[in-house]
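Trainee: I'd like to go through the aromatic rings and the empty space in this one. Can you take my questions one by one?

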Amino acid sequence: MTRIRAAVLGSPIEHSLSPVLHRAAYRELGLDDWSYDRFEVDEAALPGFVAGLGPEWAGLSLTMPLKRAIIPLLDGVSETAASVEAVNTVVLTRDGRRLGDNTDIPGIVAALHERGVEKVPSAAILGAGATASSALAALSRICTGEVTAYVRSSARADEMRQWGERLGVAVRTADWSEAAAALQAPLVIATTPAGATDELAVAVPAGPGTLFDVLYDPWPTALAAAWSQRGGTLLGGLDLLVHQAVLQVEQMTGRSPAPLEVMRRAGLAALSGAH
């Protein structure tokens, strides 16, 4: 039996839950001849790795720091990926083409829709890194008003305003020292590293709206725990990871729908087993 291969690439990569999610999907779909692995690959090693892929390869998932580095190595990029200059999904076609997409953006939207958040009048983003641009692109689809980005530097503020102009979103920037004000927004997307929002936990208002904290380890964050205690709608990094992986599985295998609940359960089991 010729195995069909897929994998996640990045550096560091040992923490990735992608193999757990994709393998669970393959089992449920009866794709016994499919395998999904992880490879430690940095930007310098990426061109050589991609050049060495044979016809048995069906797809790649990309995590940091490869989401932009992969673009020059592709034959085509979707409008969604091009809008934020970030590719997290590569489909390797039977005729040898390498096609890039970004499933983080529709993954954020799908996760919010699942919780009943389909349109919001305004929103706030905590942070301004790579994930923040994907969050902004997702908000371009569901936010009808202004997005306020809370950032730590004027350079980051400039970047977020530029992304807003490019994505057609009205972006206002504010200094991180004012971040507690973000928690009043009907939708807050936290894109910061572990620990960065802990100080905001005491500022969660009574009756908060929706918080989407993209971290999944550690979970819950101090902010997420406080949000839940105050009765707000809470989404975490696993919600994003599962929804973007569902889209990857569908693109790579050509099978739809991918088994969302099976993948979610596998992710939850893996996270609970790691603690």
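Trainee: Which residues do ring pairs link into a cluster?
Mentor: Keep in mind that this is a predicted model. A search of the whole structure turns up five aromatic pairs. Ring pairs join three residues into a cluster: Tyr-26, Trp-34 and Tyr-36.

Trainee: How do the rings of Tyr-26 and Tyr-36 pair: stacked, tilted or edge-to-face?
Mentor: Their centres sit 6.5 Å apart, with the planes at 65 degrees. Planes over 60 degrees apart count as edge-to-face, so this pair is edge-to-face.

Trainee: Where in the chain are those two, and are they buried or exposed?
Mentor: Tyr-26 belongs to helix α1 (residues 18-29) and Tyr-36 to strand β2 (residues 34-40), 10 residues apart, so the pair links distant parts of the chain. As for accessibility, Tyr-26 and Tyr-36 are both buried.

Trainee: What about Phe-39 and Phe-49: which kind of pair do they make?
Mentor: Phe-39 is in strand β2 and Phe-49 in helix α2 (residues 46-51), so the pair ties together parts 10 residues apart in sequence. Phe-39 has 25% relative accessibility, so that residue counts as partly exposed. With ring centres 5.2 Å apart and planes at 55 degrees, the pair is tilted.

Trainee: Now the empty space: which charged residue helps line the largest cavity?
Mentor: There's one cavity of 30 Å³ or more, and the largest holds about 30 Å³ of space. By class, its lining has seven nonpolar, no polar and one charged residues. The nonpolar ones are Val-50, Leu-60, Ile-70, Leu-73, Leu-74, Val-90 and Leu-92, and the charged one is Arg-98.

Notes: Residues are numbered from 1 along each chain as its sequence is written. This is a predicted model: local features need pLDDT of at least 70, side-chain atom pairs count only at pLDDT 80 or more; totals for chains, interfaces and linings use all residues. Side-chain values use heavy atoms; hydrogens and water are left out. Rings of Phe, Tyr and Trp (its six-membered ring) pair if their centres lie within 6.5 Å; planes under 30 degrees apart count as stacked, over 60 as edge-to-face and the rest as tilted. Helices (H or I, at least four residues) and strands (E, at least two) are DSSP runs, numbered from the N terminus. Buried means under 20% relative accessible area, exposed over 50%, partly exposed in between (1.4 Å probe, protein chains only). On a 1 Å grid over the protein atoms alone, a cavity is a set of points where a 1.4 Å probe fits but cannot get out, and a pocket is an open set with protein on both sides within 12 Å along at least five of seven lines; lining residues have an atom within 4 Å of a point. Grid points are joined across faces, edges and corners, and a volume is the space filled by probe spheres set on the points.
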